[in-house]
Amino acid sequence: MFLKNLFSPLKLAAAIDLGGTNTTLALVDQQGKLHHRSIFSTKDFAAPVDFVNSMSGAIEKAIRELGDYNPRLQGIGVGAPNSHARLRVLEQPVNLPWSGVVPLAAMFEDRMQCRASLINDAQAAALGELHFGDGRLMDDFLFVTLGTGIGSAMIANGQLIQGQAGFAGELGHVIMEQNGRACNCGRKGCLETYVAANGLVATYKQLRDTDTLESNHALNAEGVFQAARTGDKHAIAAFNSTGEMLGRALANSVAISNPAAIFLFGGLTQAGDFLWRPVRQAFEKNLMSIYRSHVQIRPSGVPSKEAALLGAASLIFND
Ligand SMILES: [Zn+2]
């Protein structure tokens, strides 16, 4: 024990993945190994100060429990929707139980007397890929999360591209259809309204309800997937339509960012060939000829439950 403490004090970052439903806290070392993980219901925190106090107490307790390893907390990294990385605040977090502008990084620094950093959730997952996933071997890639909505981030020259306000690389709000579906951003026809889980379901309903053979499958993305597996032609067509538009959008993004690869991440990527085949077909078809066969679309190399945590930790270890 003495030798272990003397020669290898464990340097840890506390990583927090703050989501609309659940919040995950982890202690992560510099090799990306998780030494603790706990999950909380985000809705239990009525105010940001409750959240900061609860997380801080949980961090302190988890570190005490690792006492044999003489751990040193290097800082706290938080991945959260609607994060303004430069201002270190959450801005109008619509999916969280709080409103207004929340100076979350400064609140953690006051409470824990250590450094804290904040980044949006998709960018956190992209950093997880860059530092601990297959992206370690690349300087340039796009990272796209396909969940309820779309999140995306761009790594170029080995760095996360954040842009003036931290929103760079947001592919979900590229307009794909003039006067198309209404988007949460206030415009119409954004990629997110077609290609994320809700978009897939909307396309399925549209196709199914215009046909006389109405089916009774549950109307969520999992239900559409199960319907496709049983041969439901509308479900298969919905995946084809979704994949075609995503592949086309990704081909366009290559013209701007010249990546070595595009990583797809999130629940929808579990749909196998129903999604991947049309994505890859439309991607190759719409790529500029100089890029054909040179840009891979591949699944993320980081476990889905760890990507944002690892990226949030990397904010502390790699800053
Ligand atoms: Zn939009």
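1. Start with a loop in this predicted model. Gln-113 is found in the loop between α3 (104–112) and β8. Its phi is near 55°, a positive value in a residue other than glycine. Most residues other than glycine have a negative phi. Is Gln-113 buried or exposed? Gln-113 has 8 other C-beta atoms within 10 Å, so it counts as exposed; the cut-off for that class is 12 or fewer.

2. Arg-88 makes a useful companion case. Its phi is near 60°, again a positive value in a residue other than glycine. Look for Arg-88 in the loop between β5 (83–84) and β6 (89–91). Arg-88 is partly exposed, because 19 other C-beta atoms lie within 10 Å. A residue needs 20 or more to be called buried.

3. Now find the end of a helix. Helix α8 covers residues 233–257, which makes 25 residues. From first C-alpha to last, α8 reaches 36 Å. That is close to the 36 Å expected at 1.5 Å a residue. Asn-258 follows α8, and its phi is positive, near 50°.

4. Next, the domains. The protein chain is divided into domain 1 (2–126 + 306–317) and domain 2 (137–299). Note that domain 1 is written as two segments. The C-alpha centres of domain 1 and domain 2 lie 29 Å apart. How many residues does each domain bring to the contact? Domain 1 brings 10 residues and domain 2 brings 11. On the domain 1 side, the largest share comes from helix α4 (residues 121–132), with 5 residues. Sorted by class, that side of domain 1 has 5 nonpolar, 3 polar and 2 charged residues.

5. Then the core. The largest nonpolar core has 92 residues. Which of its residues touch the most other members? They are Phe-143 and Ala-312. Both domain 1 and domain 2 give residues to this core, so it lies between them. Leaving out residues up to four places away in sequence, Ala-312 touches eight named partners, including Ala-15, Ile-16 and Asp-17. Gly-77, Val-78 and Gly-79 are also among them, as are Ile-119 and Ala-124.

6. Several of those partners lead to strand β4. Strand β4 spans residues 72–79, and 6 of its 8 residues are buried, so β4 is largely enclosed by the rest of the structure. Strand β1 (residues 11–18) pairs with β4 in the parallel sense over 7 bridges. Ala-15 has Gly-77 as its bridge partner in β4. β4 also pairs with strand β8 (residues 116–119), in the parallel sense, over 4 bridges. There, the bridge partner of Gly-77 is Ser-117. Trace Gly-77 on the model: Ala-15 is its partner in one pairing, and Ser-117 in the other.

7. Phe-143, the other residue named for the core, points to strand β9. All 6 of the 6 residues of β9 (residues 141–146) are buried, so β9 is largely enclosed by the rest of the structure. Which way do they point? Phe-141, Phe-143 and Thr-145 point one way, while Leu-142, Val-144 and Leu-146 point the other way. Both groups are buried.

8. Strand β9 has pairings to check too. 6 bridges join β9 to strand β10 (residues 150–156), and these two run antiparallel. A hairpin of 3 residues joins β9 to β10. Val-144 stands opposite Ser-152 in β10. With strand β12 (residues 261–265), β9 pairs in the parallel sense over 5 bridges. In that pairing, Thr-145 has Phe-265 as its bridge partner in β12.

9. There is also an open sheet of 3 strands. Its order is β5-β6-β7, with antiparallel pairing. Which strands stand at the edges? They are β5 and β7 (101–102). Each has a single partner strand, so one side of each is left without a neighbour in the sheet. β5 and β6 are joined by 2 bridges. The bridge partner of Ser-83 in β6 is Leu-90.

10. Last, His-36. His-36 sits in strand β3 (residues 34–41). It counts as partly exposed, because it has 18 C-beta neighbours inside 10 Å. His-36 and Thr-24 are 12 residues apart in sequence and 10 Å apart in space, C-alpha to C-alpha. Not counting residues up to four places away in sequence, His-36 touches Ala-26, Leu-27 and Ala-62.

Technical notes:
Residues numbered from 1 in each chain as written. Predicted model: local features only at pLDDT ≥ 70, side-chain atom pairs only at ≥ 80, totals over all residues. Pairing = 2+ DSSP bridges. Expected span 1.5 Å × (residues − 1). Contact = placed C-beta atoms within 7 Å. Domains from an automatic or database assignment. Nonpolar A, V, L, I, M, F, W, Y, C, P; charged D, E, K, R; others polar. Core = buried A, V, L, I, M, F, W, Y, C linked by C-beta atoms within 7 Å.
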